[in-house]
Amino acid sequence: MKIEIKTFNELTPLELYQILELRNNVFVVEQNCAYLDTDGCDQKAHHLLIWDDEVLAAYARTIKPGVKYETSSIGRVVVHTKYRDLKLGHLLMEHAVKAVKKLYNTNTITISAQAHLQRFYSKHGFETVSDEYMEDDIPHVKMVRY
């Protein structure tokens, strides 16, 4: 596995296509949720990619403070269906947290997590700080890592 982090402008057209394809396959098709994935934040984000040769196996984006939240954030955390048995989600989050610390010089990270994934994110130091709310017809909670 190869792990990379790139700005939007460093992504090749093929890499951007693969990111959007993975996000749409999971968040729109698999989760049966029609929503606008392209939210204007990709251009301001750093993109964390985990590759298995030419296949994008896992992806997340990190965003500096003041863009989505007052704090930095991690979002669009996704693992390709064929790679879920390898626990790449944990590797992805470890690298995303390290990237936030290095890139934005902060330890405080806010996420909007699907409610059923609270235990997963809590293993990475995130604490639930809100009641459940609906986001794109899926229950979510706000979580913060201090």
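The following legends describe close-up views of a predicted model of one protein chain.

**Figure 1. Overall fold of the protein chain.** The secondary structure comprises three helices and eight strands. Read from the N terminus, the elements follow the order β-α-β-β-β-α-β-α-β-β-β. Along the principal axes, the C-alpha atoms occupy a box of roughly 40 × 35 × 30 Å. The radius of gyration is 14 Å, which agrees with the value near 15 Å for a compact globule of 146 residues. Among contacts between residues at least 6 apart in sequence, 59% link residues at least 24 apart.

**Figure 2. Surface and charges of the protein chain.** Of the 146 residues, 46% are buried. The chain exposes about 8100 Å², of which carbon and sulfur atoms supply 49%. The chain carries 18 positive and 20 negative charges, and the mean positions of these two sets lie 5 Å apart.

**Figure 3. The largest nonpolar core.** This core holds 25 residues, and Ile74, Ile111, Tyr121 and Phe126 touch the most other members. Two or more residues each come from strands S2 (45-52), S3 (55-63), S4 (72-79), S5 (109-114) and S8 (138-145), and from helices H2 (88-104) and H3 (118-122). Helix H2 makes the greatest contribution to this core, with seven residues. In soluble globular proteins, nonpolar side chains tend to be buried together.

**Figure 4. Surroundings of Ile74.** Neighbours within four places in sequence are left aside in this view. The contacts of Ile74 include Ala60, Arg61 and Thr62. Met93, Ala96, Val97 and Val100 are also in contact with Ile74. The list is completed by Ile109, Thr110, Ile111 and Phe126. Of these partners, Ile111 and Phe126 are, like Ile74 itself, among the residues that touch the most other members of the largest nonpolar core.

**Figure 5. The second nonpolar core.** A separate core consists of 13 residues. Its members include Leu11, Trp51, Val78 and Ile138.

**Figure 6. Surroundings of Ile50.** Ile50 lies in strand S2. This residue counts as buried because its relative accessibility is 0%, below the limit of 20%. Residues up to four places away in sequence are not counted among the contacts described here. Ile50 touches Met1, Lys2 and Ile3, together with Val55, Leu56, Ala57 and Ala58. Leu88, Leu91 and Leu92 are in contact with Ile50 as well. Glu30, 20 residues from Ile50 along the chain, has its C-alpha atom 20 Å from that of Ile50.

Note on methods
Residues numbered from 1 in each chain as written. Predicted model: local features only at pLDDT ≥ 70, side-chain atom pairs only at ≥ 80, totals over all residues. Heavy atoms only, no water. Core = buried A, V, L, I, M, F, W, Y, C linked by side-chain atoms within 4.5 Å. Buried < 20%, exposed > 50% of the residue type's maximum accessible area, 1.4 Å probe, protein only. Helix = DSSP H or I, 4+ residues; strand = E, 2+ residues; numbered from the N terminus. Contact = heavy atoms within 4.5 Å. Rg over C-alpha atoms; globule rule 2.2 N^0.38 Å. Areas by Shrake-Rupley, 256 points an atom, 1.4 Å probe, with all protein chains shown as cover. Lys, Arg positive; Asp, Glu negative; His and termini not counted. Charge placed at Lys NZ, Arg CZ, Asp CG, Glu CD.
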